[in-house]
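Here are a few exercises to work through with the model open beside you. Try each task before you read its solution.

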Amino acid sequence: MDPVEAFKAMTFQHLYTLCRPRRRSAAKEIDFPLKENAQSWIDGIYQKDRQPLLHEALNLLDRLGIPTAPWRMVTTFTEACRAADEIGYPVVLKVVAPSVLHKSDQGGISINITNIEILEKHWKEILHRFKDLIGIVIQKMIFASREIIVGAKRDPSFGPAILAGLGGVMVEVMQDVNLRLAPVDEDGAKEMIQQLRGSRIVKSFRGMHAADQRGVTQCLVTVSQLMHHFPEIQEMDVNPLILSDDGDYTMALDARVLCSNIANKQR
């Protein structure tokens, strides 16, 4: 075993002892009423024989009952205008293309579009820049000061693991994350948030109300159950999961899903 694998093994062994096997066994028994929704989504992806794209990942969240910022997948400027009017300005444009993994790093996202003139300008820029464009997601621009990441990955030795941490780009800067073996129950999900070094962010902070922690824990539980029941899902990120300043809601803005045994062309 090479040093990296040895370190991973020790890390997961430590995580396993923290997970309290009795609690984890109980979490396995939690009913997952959205199995049929998830199975239908997975079947559709495998029929396409490619990895899920942005709009498909967002659709999975919708099927799982994880709140998302209002969005539409469009392929023409006329559809984009109609979608922006229905959703309400300001909106965000997000590129949907097999070559685009990190949209913000690749210029694949345009934010705070407030009218049709600006929409047209960014629409034309995107069409010129991306040659493998499948469509564009139009999404409501949501303003919030707090972000969480919910992630999951399937380890070949230890099975599915669930992750929570400070979201957005801060997950790479601060590396303040908490890992557990999946699935987790609500108590385990709450502990994952409370044990973050930056857990104060979900409490009353700088004039903001305490965050909607139940929304965060429900997202963690749901993603962990998905990973437990569906080995086809290899990786999943919900990032960012925003927490409103007034504490009224939790909402996902973006998602990424990676499935096993599918052509890996865009990865």
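**Exercise 1.** Find how exposed Asn112 is, and what is notable about its phi.

*Solution.* Start with accessibility: Asn112 is partly exposed, at a relative accessible area of 37%. (Buried is under 20% relative accessible area, exposed is over 50%, and partly exposed is in between, using a 1.4 Å probe and protein chains only.) Next, place the residue: Asn112 sits in strand 3. (Helices, H or I of at least four residues, and strands, E of at least two, are DSSP runs numbered from the N terminus.) Finally, the backbone: phi of Asn112 is near 55 degrees, a positive value in a residue other than glycine.

A word on the ground rules: this is a predicted model, where local features need pLDDT of at least 70 and side-chain atom pairs count only at pLDDT 80 or more, while totals for chains, interfaces and linings use all residues. Residues are numbered from 1 along each chain as its sequence is written, and side-chain values use heavy atoms, with hydrogens and water left out.

**Exercise 2.** Do the same for Asp49: locate it and give its phi.

*Solution.* Asp49 belongs to the loop between helix 3 and helix 4. Its phi is positive, about 55 degrees, although Asp49 is not a glycine. As for accessibility, Asp49 is partly exposed, with a relative accessible area of 47%.

**Exercise 3.** Work out the strand order of the open four-stranded sheet, and say which strands stand at its edges.

*Solution.* The order is 1-4-2-3, with antiparallel pairing. (Two strands pair if DSSP finds at least two bridges between them.) Strand 1 (71-74) and strand 3 (109-113) are at the edges with a single partner strand each, so one side of each has no neighbour in the sheet. From one strand to the next, the twist averages 20 degrees. Now zoom in on one pair: strand 2 (residues 91-96) and strand 4 (residues 135-140) run antiparallel and are joined by six bridges. Val91 stands opposite Lys140 there. Just outside strand 2, in the loop that follows helix 5 and leads to this strand, you'll find Pro90; the peptide bond from Tyr89 to Pro90 is cis, with omega near 0 degrees.

**Exercise 4.** Trace how strand 6 is paired and whether its residues are buried or exposed.

*Solution.* Strand 5 comes in through a hairpin of three residues, and eight bridges join it to strand 6 in the antiparallel sense. Lys153 stands opposite Ala161 in strand 6. Strand 6 also pairs with strand 7 (residues 177-181), again antiparallel, over five bridges; here Ala164 stands opposite Asn178. As for cover, eight of the eight residues of strand 6 are buried.

**Exercise 5.** Which residues have the most contacts inside the largest nonpolar core?

*Solution.* The largest core has 40 residues, and those with the most contacts inside it are Val150, Leu220, Val223, Leu226, Ile233 and Met236. (A nonpolar core is a set of buried Ala, Val, Leu, Ile, Met, Phe, Trp, Tyr and Cys residues joined through side-chain atoms within 4.5 Å.) Helix 9 gives the largest share of this core, seven residues. Take Val150: leaving aside neighbours within four places in sequence, its contacts (heavy atoms within 4.5 Å) include Ile162, Leu220, Val223 and Met236.

Key: Axes are lines fitted to C-alpha atoms, for helices over the stretch in contact, and angles run from 0 to 180 degrees between N-to-C directions.
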